[in-house]
Amino acid sequence: MSDRNRFGDGSGRMTRRAMLRGAGVAVALPFLESWVRPFARAAGGIAGPPLRMAIVTVTGGTVLESWKLPGGGPLGKLPSILRPLDFARNDLLILTGLSHTGASDNLNGHENCGYKHLTGAARVGKIGGRPYAGISVDQAAARVAGRETFLPSIEMGLTNHETPFSFRSVDQPAPFEADPRMIFDRMFRGRQPVVPNWKRRGESRDAEAGRTSPPTDPYDRSVLDAVRAEARALRNRLDSSDRQKLDQYLDALRASETRIDRLEARLRVEALDVKDPGPSRLVDIRIPSEMGKPSFHHYRELIHRDPEKHADYIRIMADLLVLALQTDTTRVVTLAAGADDAFFPGVVTVGYEYHCHTLEHQGNADRPENADPIAREACRQIHAWYTEFFAEMVARLKAIDEGGSTLLDNTMLLYTSYMSDGGHGTIDYPALLVGKAQGTLRTGRQIDFPAKTPMSNLFVEMLERMGAGGPGFGDSLTSPNRAFEGRLPGLA
Amino acid sequence: MDAIRIRLVTKRETRMCWKSRRIRAWILLVGVFGSAVGGVRGDDLPDRYRREVLPILNRACVGCHGESKREGGLSLLGPDDPALAVARRGVWKRVRDRVEEGEMPPDDAETPLLDSDRKTLLAWISDAMAARIARSVRDPGPSVLRRLTRGEYVRTVGDLLSIEKGDLERLDLPEDDPGDHFENLGASLSLAPTTLERYFDAADRVAAMVFGNGWYARGSRDRLMPVRPAPNRPEREAARASLARFLRRAHRRPPDPTEIDRLLIFFDREKARGAPFEEAMRALLKPILISPRFLFRIEQDRPALDGSRSVTVDDDELAARLSYFLWGTMPDETLNQLADRGKLTSDPAALEAEVRRMLGDNRAQTLSKVFAAQWVQLDRMRTARPSQEFFPRFHAGIKQAMVEEVWAFFDHLRVDDRPVTEIIDCNYAFANEELARYYGIKGISGGKMQKVAIGPSDHRGGLLGMGAVLASTSHTFRTSPTLRGKYVLEVLLGTPPPPPPANVGLLKDDAPLGKGREVTTFREKMAQHASSASCAGCHRKIDPIGFALENYDAAGAWRESTRDRPLDLSGVLPTGERIEGIDGLKRVLKARRDQVVENLVARMLEYALGRKLTDEDEPTVREIREMSARSEYRYSSIVLEVVRSVPFQCRRPTGREVVQ
Amino acid sequence: MSRPVFVAVGYDGLRLLSEDGRSWGSPMLGQEGEVLRSAAVGNGRVVAVGTRGGDQVLTASVDGVKWTRSRREGGYGGYLRAVQFDGRRFLGLGGDPGAVGAANPYVLISDDGVNWEGPHRIGGKFLIRRIAFGDGIYVGVGDRGRRAWSRDAIHWEDVPDVKPLETLIDIAHGAGVFVGVGLHGLRWRTLDGRKWLEPIRGEEGEHLNSIVWTGDRFVAVGLGATYLSADGAKWERRPNREAPTTVCHHEGIFVGTKWKGRLQASRDGIVWDAVARVDRHIEAVAAGWIGSDRS
């Protein structure tokens with residue numbers, strides 16, 4: 001076969017289409033519907049709360065020997081980083097050996113880890129400055145689980161230099177919102193937080209009733225109609241690559257419209273909930289005004305310098321996560337907690353370096369024994385500190401009664417990091433599942449998988465439980481290290 | 001015979017880049033590469049490519065650098081037309097560099113490169129690099145539909161509706177991804193649903209500002225409703241007339257009647273409810289502000305006659321390109337009028353005059369605060385690591401002054417039309433009183449940035465003397481020669497080193513030198529961490545440059561020694577040149593001034609086009625530099641040549657775009 | 001007339017004093033960028049040392065109100081990191097904390113905290129951070145596991161083959177023995193600084209940052225638990241909460257500090273109460289007698 005350039009753009013440069021073909025993925029459309037199995041559980045068709053999925057991912061630099069037990073089996077005394085979760089020991093499922101082994105083009109270490117983290121893509125990179133990876137597990141879940149909720153998903157937190165972790169499709173990163181005021185606004189503008197009464201909802205099918213109510217908010221709807229008509233007319237006058245961008249715009253319009261539709265439906269259902277709410281108390285969110293004065297940007301720099309402010313911030317973000325799930329605003333949340341570029345005096349009490357990123361590198365080596373022990377210990381302290389907030393969040397989830405089950409029972413929670421160590425590693429990630437996921441996970445133990453088992457297999461398992469299962473995900477079936485036919489045996 | 005430069009004399013209807021078929025045919029015949037400068041025979045280049053070079057490539061290179069396998073992302077095979085193959089000079093530059101250094105093909109290649117083949121290849125590349133490539137065969141590069149960046153949105157809305165920028169800054173719009181260099185690269189400006197939601201909200205708030213009672217609100221309403229109802233002018237007519245004028249500005253082109261009609265429906269609906277004129281007009285703002293014609297910079301797709309590789313954009317599109325390049329905002333009245341009269345694409349003198357006017361306008365400060373700031377990575381100052389613990393004078397006021405110093409310097413280059421080589425070195429600096437004291441320069445008082453003449457003993461001058469650069473390439477308590485070397489290579493010379501491999505650590509302190517001797521100097525310690533073969537290859541290119549800057553401590557202050565050990569400022573570059581200290585480094589950079597300027601040109605072109613450059617842009621970049629060399633690389637000459645270039649004035653015609 | 005004093009020092013020249021460890025006076029500030037890193041009380045006065053830019057800062061007071069301040073050229077490499085009182089005189093310990101393997105540690109000596117002699121270079125690759133004095137000898141501990149002993153605090157002899165993971169962070173003397181404490185609950189005792197008896201390890205993460213001799217026992221305060229021992233060999237572990245990161249003790253009262261700018265007090269080193277809060281970080285606490293001569 002000749003090596004002629006089939007792609008005709010004159011530059012010989014790797015084109016996205018070529019890359020996609022090479023990766024064996026169908027040419028990207030905004031909706032990769034083909035592989036998504038029909039959603040088996042319709043909301044309102046089952047009495048009881050739905051299953052939620054939440055991913056909490058922290059910075060790099062975790063210290064694995066203080067994170068996992070020496071071997072698989074039932075959980076005894078927890079290693080020091082996970083010790084704050086001791087009270088929930090029976091709800092923990094530690095998984096070891098999971099890795100990403102895909103290829104990457106033109107990326108630095110952080111981007112490489114970031115793009116692969118939740119996508120498990122066989123190949124990640126940048127073309128002309130634009131990132132590409134694959135759809136991420138949270139977005140894949142949101143495609144299905146998000147049909148019934150007000151927001152399909154929420155991505156929040158600080159990622160390293162805004163490196164995207166979530167991708168709505170191969171080349172459409174989902175931006176992470178860092179400002180808690182914006183997140184709250186997005187969740188509750190036009191509506192009130194209220195605790196759903198799952199029992200009543202399941203019995204009376206009033207979710208369906210809500211859907212048939214007449215639309216309101218005519219002004220915004222007509223605005224959307226007008227710009228949609230304009231965009232469609234415009235589309236024909238553009239060339240094919242510009243049309244793609246405009247398609248993104250049209251998608252966004254559609255999403256806005258859906259949001260308005262859902263708002264109406266929601267308000268109806270929630271009006272009934274207000275009169276007869278679920279048994280739990282609403283999570284109380286208090287966002288201090290200093291987070292907005294003079295701007296969130298400014299507060300962000302405080303977060304970097306002062307772990308007390310950083311702690312306040314993580315707590316508020318965790319509370320927003322719980323509130324989002326509690327009120328069924330969404331069923332898929334991804335929270336990036338911590339910041340690689342922050343300083344941690346007072347959290348780190350050994351040595352004299354407090355800069356997280358510096359410590360990540362200083363405390364990292366091919367083998368733990370070869371690393372600087374003080375720096376490594378500092379990394380351990382930082383990660384133990386993150387886990388304290390995670391544990392507080394787990395306790396809160398556990399304390400919310402949804403009518404016979406706790407919110408933790410109804411959530412599949414993943415605690416992980418976008419790097420497996422301080423050196424942009426992608427082998428043997430920290431991966432902790434918390435919560436029994438409505439009985440589909442058998443917890444209270446650690447399972448050791450063979451080295452380099454694809455992390456994508458875990459994502460397959462998670463998507464299955466969210467009703468978004470498919471034959472494979474990411475590189476689960478294509479990785480050179482593929483195992484277990486793309487699944488993780490023994491989780492249930 | 002000098003290079004044939006085709007003037008862009010076009011009629012709006014035909015939109016061709018050259019006058020007639022005949023001329024075009026002549027051009028191709030006489031030689032796409034018809035430069036006789038220096039006796040380079042360019043017209044046989046395509047032929048030589050086909051006969052001599054292509055077989056060599058197929059033998060020795062294409063196995064790894066073809067279409068199916070692209071080691072290092074490089075494919076040497078391009079379009080079939082050899083005439084066009086020559087134009088991919090970016091590729092040939094890379095090939096030449098690697099082959100000359102003996103790095104390619106690698107020693108373990110299946111088919112080695114014969115000496116005779118090597119000579120032939122390099123000779124051809126050398127001729128190709130020197131040849132002129134006519135504008136007629138230039139590819140203007142992929143087009144990218146560009147969403148307005150956050151900053152552009154704020155400035156545009158501010159200009160469109162005369163709203164105070166401070167109020168607009170508070171709009172909580174999403175930050176843009178800094179991309180690889182510039183945040184205005186179209187490729188990275190995506191529009192996720194959450195992003196559109198924010199623009200939705202922003203539109204509501206802008207409407208509230210326009211119809212509120214801020215001091216500017218009357219003026220804003222006049223902008224929206226320049227034509228008011230009157231005894232001889234019914235409301236709907238006034239609405240239509242206002243809308244026509246407003247849309248011309250908002251859409252940055254004369255509006256379609258259908259668009260006006262579509263929007264008037266909103267007006268009618270409100271009137272049907274009994275709303276007064278102004279309230280009914282208010283309903284129009286939101287659909288306009290979230291319309292794709294506002295949020296995106298739209299350019300029409302056009303066919304080309306005779307299969308040419310580019311078509312000129314029309315006057316309105318060129319006006320928008322100009323105003324977003326030079327001002328980061330929408331065109332003003334003067335520019336719009338020139339566009340209305342078709343002067344921008346038909347009258348080169350008028351175009352030049354307009355560019356000069358725009359450069360002299362205050363709005364061109366965007367070139368300093370956005371383009372230059374992003375080029376020199378000024379935002380790293382926000383997270384500059386030197387800690388006040390070790391550098392107590394490096395406090396917030398000094399950091400702010402260091403940022404302003406950079407803005408002031410680049411704005412001075414613009415306003416006084418200085419040679420851009422002053423970036424390497426110059427006999428002046430900018431500082432306010434506090435910063436001057438920090439630098440040890442006398443004679444400045446007050447909080448504002450001022451220009452001050454400096455001498456050799458002040459140790460400043462040029463980008464590398466600026467505190468912002470020095471402090472953002474350091475660690476908490478010490479300098480980082482590696483970060484500084486990388487900075488010079490990346491920002492000034494345009495040859496960034498590849499990123500480090502995974503699992504790299506910082507300096508270890510107890511690995512011995514291997515000769516039984518203890519490690520004593522900082523340099524030796526740095527050398528340790530570059531002692532492994534895989535690291536040393538890159539580090540010997542990077543570190544010596546950084547060492548030359550060791551006189552500047554981590555917070556950018558000058559030091560003669562580190563008080564307990566003398567400084568070792570010497571280094572040997574891979575070329576064998578020895579440099580000593582900042583003066584030595586500046587000498588080396590001055591000797592390479594062409595390369596430095598060419599890199600600046602490339603970055604400015606990138607910023608102006610909103611896309612990363614491709615291999616085919618190399619001749620354009622080279623040409624801009626060579627043309628502006630005739631004016632000693634003055635700022636305005638570079639800007640003008642960028643504006644005159646093919647990629648800035650043209651786009652690919654219909655059918656040439658491939659889905660990326 | 002001498003009276004007890006507790007002193008806390010920190011950023012921007014911060015100094016706070018208290019008589020009982022619970023109620024504290026108003027903070028005094030020095031210059032912006034000045035960090036007071038350590039303090040000691042002896043010879044009827046309070047002495048604090050620190051850095052400002054590349055300079056060493058030394059300041060002393062006999063009444064807590066008026067402070068005599070002096071400055072020495074330190075170079076960035078000559079930071080003073082600690083000051084301690086050995087019963088007779090003040091010892092300042094310093095060196096280059098940022099260097100990799102070439103700390104150039106030194107000692108300064110003073111009777112009054114105002115006039116200092118030195119620096120005496122003490123050799124070795126890494127800093128000595130804390131020393132204890134007892135039975136006629138000094139024992140010092142420092143970075144990367146460094147352990148050394150000396151008769152005069154100027155000439156030191158190092159223990160060979162130390163391991164960084166076994167870094168001792170603080171050391172105290174009592175009941176005829178020196179006890180050093182460190183990472184992960186490490187406790188290590190020696191009689192002479194040369195021969196170190198069996199190390200005792202604790203829980204991962206329970207770093208013992210401070211050890212004091214109260215007169216009848218050692219109290220080592222760690223992150224998560226406090227350890228008590230009468231002889232340095234047998235220890236009792238008592239879990240603690242909200243423990244400070246560094247601690248001092250005087251006449252039955254423990255005082256400690258935590259990020260950010262917090263002061264805590266305790267009667268036993270196990271249960272801690274928050275007693276004061278300032279907006280700058282506190283680096284060190286010390287205690288003793290201030291006023292007319294009573295060491």
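The radius of gyration of chain C in this predicted model is 18 Å, and a compact globule with 295 residues would have a value near 19 Å, so the two agree. The C-alpha trace of chain C spans about 45 × 40 × 35 Å along its principal axes. Burial can be added to this picture: 61% of the 295 residues of chain C count as buried, where buried means under 20% relative accessible area.

The secondary structure of chain C consists of 26 strands, with zero helices. Two of the sheets that these strands form may be followed in turn.

One open sheet in chain C contains four strands in the order 11-12-13-14, with antiparallel pairing. Strand 11 (128-134) and strand 14 (156-158) of chain C each have a single partner strand, and they therefore stand at the edges, with one side of each left without a neighbour in the sheet. From one strand to the next, the twist averages 25 degrees. At one of these edges, strand 11 of chain C runs antiparallel to strand 12 (residues 137-142) of chain C, and six bridges join the two. Within this part of the sheet, C:Ile131 is found opposite C:Gly140, a residue of strand 12 of chain C.

Another open sheet of four strands in chain C has the order 18-19-20-21, and its pairing is antiparallel. Here the edges are taken by strand 18 (208-213) and strand 21 (236-239) of chain C; each has a single partner strand, so one side of each lacks a neighbour in the sheet. The twist in this sheet averages 20 degrees from one strand to the next. Strand 18 of chain C is joined by five bridges to strand 19 (residues 218-222) of chain C, and the two run antiparallel. In strand 19 of chain C, C:Gly222 has C:Leu208 standing opposite.

Attention now turns from the strands to empty space. Such space is revealed by rolling a probe the size of a water molecule over the atoms. The second largest pocket holds about 1,500 Å³ of space. It is lined by 37 residues, of which A:Trp385, A:Glu388, C:Leu223, C:Glu242 and C:Lys258 are the closest to its centre. Two or more lining residues come from each of helix 10 (307-326) and helix 12 (373-399) of chain A and strand 24 (262-266) of chain C. Helix 12 of chain A provides the largest share of the lining, seven residues. By character, the lining of this pocket divides into 16 charged, 11 nonpolar and 10 polar residues.

How values were computed: Residues are numbered from 1 along each chain as its sequence is written. Chains are lettered from A and ligands numbered from 1 in the order in which they are written. This is a predicted model: local features need pLDDT of at least 70, side-chain atom pairs count only at pLDDT 80 or more; totals for chains, interfaces and linings use all residues. Side-chain values use heavy atoms; hydrogens and water are left out. Two strands pair if DSSP finds at least two bridges between them. Axes are lines fitted to C-alpha atoms, for helices over the stretch in contact, and angles run from 0 to 180 degrees between N-to-C directions. On a 1 Å grid over the protein atoms alone, a cavity is a set of points where a 1.4 Å probe fits but cannot get out, and a pocket is an open set with protein on both sides within 12 Å along at least five of seven lines; lining residues have an atom within 4 Å of a point. Grid points are joined across faces, edges and corners, and a volume is the space filled by probe spheres set on the points. Ala, Val, Leu, Ile, Met, Phe, Trp, Tyr, Cys and Pro count as nonpolar, Asp, Glu, Lys and Arg as charged, and the others, Gly among them, as polar. The radius of gyration is taken over C-alpha atoms; the globule rule is 2.2 Å times the number of residues to the power 0.38. Buried means under 20% relative accessible area, exposed over 50%, partly exposed in between (1.4 Å probe, protein chains only).
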